[in-house]
Amino acid sequence: MKVLWALLLLLPAALAAQSPSPAETATQVVSRASRVFKQLSGLEADFRQHIEDPMVGNLDSKGKLSQTGKNRFVMRFSDPANEVLLVDGTHLWVYTPSTSPGQVTRRPISTSSVYGVNLIGWFMDNPLDRYRLTYVATELVNGKRADAVLLEPVTRDLPFRRATLWFDREDGLPHRFEISESQGQKRTVLLSNVRLNASIPPSTFLFKVPDGVKVIDQ
C-alpha cells in the first residue's frame with residue numbers, strides 16, 4: 001500500500017515532466033500552422049476587422065478574404081461596400097471609394113515577398129526565424145478551441161510590433177489576429193467559415209477598373 005501511495009505522489013511530477021513547456025507548445029502550434037499554410041492550394045474565409053486608430057478613431061469593416069500561393073490575395077469588402085484590396089501577382093490594388101472616390105491606386109510588389117497586405121502570409125512564412133514566440137492561453141474562437149500565441153518580430157522590417165494569433169486546433173491555422181502596428185494602431189481580425197483548399201477561379205485575383213475611375217500609379 002505504501003508503494004502504491006508513493007507512486008501516486010510521483011505521478012503528477014512525472015506527467016509534468018512529460019508535458020511540453022510553454023515555449024515548446026508555442027513552437028509546435030506555429031510550426032504546424034506554417035506547414036498547413038504552405039501546403040494549401042487555396043483559402044477562403046469571411047472576415048470582420050476592427051481598427052483602433054488614435055488619429056481617426058475606430059473603424060469596422062467586413063467582407064470576404066481569398067488567397068492562393070504567396071502573391072495572390074484579395075479582401076473584398078461588403079462594408080464599406082465595394083472596397084477592394086487585391087494583389088494580382090505583380091501589383092497591389094487599393095480601391096476605397098468611401099474615402100477616395102473616383103480613383104484606385106496601383107503599386108508594384110516584389111514577387112519574392114509574402115508580406116505587404118497578405119495578412120496570413122505575414123506570420124506563416126518562416127515564423128520560427130522571424131518571431132519570438134510565447135504561448136498565451138487556450139481559448140474559444142467562434143466556439144472552437146484555439147491556442148493563443150504571441151509573436152514578436154526579431155527584426156524591424158515588418159509593419160507591426162507584436163501580434164497575438166489564435167490557432168484553431170482542428171485545421172491548425174490562425175482564425176483571430178490582434179496586431180499592434182508600428183504607427184500606434186491596433187487591428188483585430190476575426191475569420192469565420194474558413195475553407196481550406198478551396199477551388200478559387202483565377203478571375204478572383206483580377207481587378208477590373210470601374211468605369212470613370214482613374215488609376216493612380218505609385
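Trainee: Hi! How do the residues lining the largest pocket divide into nonpolar, polar and charged?

Mentor: Hello! Keep in mind that this is a predicted model. The lining of the largest pocket has 12 nonpolar residues, seven polar and five charged.

Trainee: And how much space lies in that pocket?

Mentor: The largest pocket holds about 740 Å³.

Trainee: Which residues should I click on to find its centre?

Mentor: Try Q49, I51, F77, L85 and R187, which lie nearest the centre of the largest pocket. The lining as a whole counts 24 residues.

Trainee: Which strands and helices supply at least two residues each of that lining?

Mentor: Four strands do so: β1 (43-53), β2 (57-68), β3 (72-79) and β4 (81-88). Helix α3 (119-124) also supplies at least two.

Trainee: Okay, what about enclosed spaces? How many cavities of 30 Å³ or more are there?

Mentor: The count comes to one. The volume of the largest cavity is about 30 Å³.

Trainee: What lines that cavity?

Mentor: L43, I120, L173, P174, L191 and V194 form its lining. By class, these are six nonpolar residues, with no polar and no charged ones.

Trainee: Let's switch to the sheet. In what order do its strands run?

Mentor: The order is β7-β8-β9-β10-β11-β1-β2-β3-β4-β5-β6-β12, an open sheet of 12 strands with mixed pairing.

Trainee: Which strands sit at the edges?

Mentor: β7 (131-141) and β12 (214-217) are the edge strands, and each of them pairs on one side only. As for the angle, neighbouring strands in this sheet are turned by 20° against each other on average, ignoring direction.

Trainee: Can we take one pair from it? In what sense do β4 and β5 pair?

Mentor: β4 and β5 (residues 91-95) pair in the antiparallel sense, over four bridges. To see one position in that pairing, look at V87, whose bridge partner in β5 is L92.

Trainee: Now for backbone oddities. Which peptide bond is cis?

Mentor: The one from D79 to P80 is cis, with omega near 0°. P80 belongs to the loop between β3 and β4.

Trainee: Why point that bond out?

Mentor: Because most peptide bonds are trans. Also, most residues other than glycine have a negative phi.

Trainee: Oh, so which residue in the loop between β7 and β8 should I check for phi?

Mentor: Check N142, which is placed in the loop between β7 and β8 (144-153). N142 is not a glycine, yet its phi is positive, at about 55°.

Trainee: Is N142 buried, exposed or partly exposed, and why?

Mentor: N142 counts as partly exposed because its relative accessibility is 44%, and the class for values in between runs from 20% to 50%.

Trainee: What is the phi of N193?

Mentor: Phi of N193 is near 50°, again a positive value in a residue other than glycine. N193 lies in strand β11 (residues 186-196). N193 counts as exposed because its relative accessibility is 52%, and exposed means over 50%.

Trainee: Last stop, S31. Where is it found?

Mentor: S31 is in helix α2 (residues 22-39).

Trainee: Is S31 buried or exposed, and why?

Mentor: S31 is buried, because its relative accessible area is 17% and buried means under 20%.

Trainee: What does the side chain of S31 reach?

Mentor: The side chain of S31 reaches the backbone oxygen of T27, at 2.7 Å.

Trainee: Thanks, that helps!

Notes:
Residues numbered from 1 in each chain as written. Predicted model: local features only at pLDDT ≥ 70, side-chain atom pairs only at ≥ 80, totals over all residues. Heavy atoms only, no water. 1 Å grid on protein atoms, 1.4 Å probe; cavity = no way out; pocket = protein on both sides within 12 Å on 5 of 7 lines; lining within 4 Å. Points joined across faces, edges and corners; volume = space filled by probe spheres on them. Nonpolar A, V, L, I, M, F, W, Y, C, P; charged D, E, K, R; others polar. Buried < 20%, exposed > 50% of the residue type's maximum accessible area, 1.4 Å probe, protein only. Polar contact = N/O pair within 3.5 Å; in protein donor to acceptor, adjacent residues only side chain to side chain. Pairing = 2+ DSSP bridges. Axes fitted to C-alpha atoms, helices over the stretch in contact; angles between N-to-C directions.
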